[in-house]
Amino acid sequence: MATCALVGASPEFNAEDFKARYDAGMFEFVIAVDAGFAFLEELDVKPDMAVGDFDSLGYQPKCRRVSRFPVKKDKSDMELALEKAVAWDYDDLVVYAALGGRLDHTVANLQLFAKFSEQDYYVTAVGVDSALRLLTGPDVLDLPVMESGTVSVFSANDRARGVIETGMLYSLDDEDLSNRTSRGVSNELIGRPARIAVEEGTLYVFYPLP
């Protein structure tokens, strides 16, 4: 897989996680999304592309590639940036500074992540102390072994079918989840290999960072 990191404008930017992965060469391409450019400037990281209307940033960024859009538009800066990433043939999308901050922005991003997951892209959003992985069936996600931590799994659709959770305090065995229930919140890691699987539909899988 080819990995692209996208850095948004939410104040909850996990700079430490981003820099560790960036320094390890885990990102082939980095896109600054509007004010995410300022976060990267603070880390002395030059993104490969900057995308947005730059109203939040407040100035025209100096970057190798700049894709500027009008403020009045039908798509968010994040959606435009995700479209740029897949147009450049990146299929593993790791998104920073997209959760937290304004709730409406977070909900919009969650909807976008589900959309791109359902188009066969791997989407992971990294928060301050946890991450979100989109899982579209049929697919399986194996989590790293951790002695403790909370895992929550929700359906992004009216119904996700064949949901399985193993290796945690509570298990699900080929059950259905809907997006109108709290079932799936707050499972617990117990130091064993944990696995989440879904046969049909898309899941939001929230899990702690190692």
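## A salt bridge along helix α1

In this predicted model, D17 and R21 sit 4 residues apart in helix α1 (residues 15–23), so about one helical turn separates them. Their side chains meet in a salt bridge, with 2.9 Å from N to O. The count of salt bridges comes to 11.

## The sheet and its edges

Let's turn to the strands. An open sheet of 10 strands runs in the order β4-β3-β2-β1-β5-β6-β7-β14-β9-β12, and its pairing is mixed. Why do β4 and β12 each have one side without a neighbour in the sheet? Both stand at the edges, β4 at 66–68 and β12 at 187–188, and each has a single partner strand, so one side is left without a neighbour.

For β4, that partnership can be followed down to residues. Strand β3 (residues 49–52) runs parallel to β4, and 3 bridges join the two. Take A50 as your guide: its bridge partner in β4 is V66.

Helix α4 (residues 103–117) packs on the sheet, where it touches β5 (92–96), β6 (122–126), β7 (130–136) and β14 (202–208). The directions of helix α4 and β7 make an angle of about 40°.

## The annotated domain

An unreviewed UniProt entry places the feature "domain: Thiamin pyrophosphokinase thiamin-binding" at residues 137–204. In the model, this span is 50% strand and 0% helix, and its end C-alpha atoms lie 12 Å apart.

## A nonpolar patch on the surface

If you look over the surface, you will find a nonpolar patch of about 300 Å², made by L169, Y170 and I190. Of these residues, Y170 belongs to the loop between β10 (160–166) and β11 (172–177).

Technical notes:
Residues are numbered from 1 along each chain as its sequence is written. This is a predicted model: local features need pLDDT of at least 70, side-chain atom pairs count only at pLDDT 80 or more; totals for chains, interfaces and linings use all residues. Side-chain values use heavy atoms; hydrogens and water are left out. Two strands pair if DSSP finds at least two bridges between them. Contact means heavy atoms within 4.5 Å. Axes are lines fitted to C-alpha atoms, for helices over the stretch in contact, and angles run from 0 to 180 degrees between N-to-C directions. UniProt positions are given in the numbering used here, feature names are shortened, and annotations may be inferred rather than shown by experiment. Patches are made of residues with over 30% relative accessible area and no salt bridge: like charges are joined within 9 Å, nonpolar side chains (Val, Leu, Ile, Met, Phe, Trp, Tyr) within 5 Å. Accessible areas come from the Shrake-Rupley method with a 1.4 Å probe; for residues, only the protein chains shown count as cover. A salt bridge is a side-chain nitrogen of Lys or Arg within 4 Å of a carboxyl oxygen of Asp or Glu.
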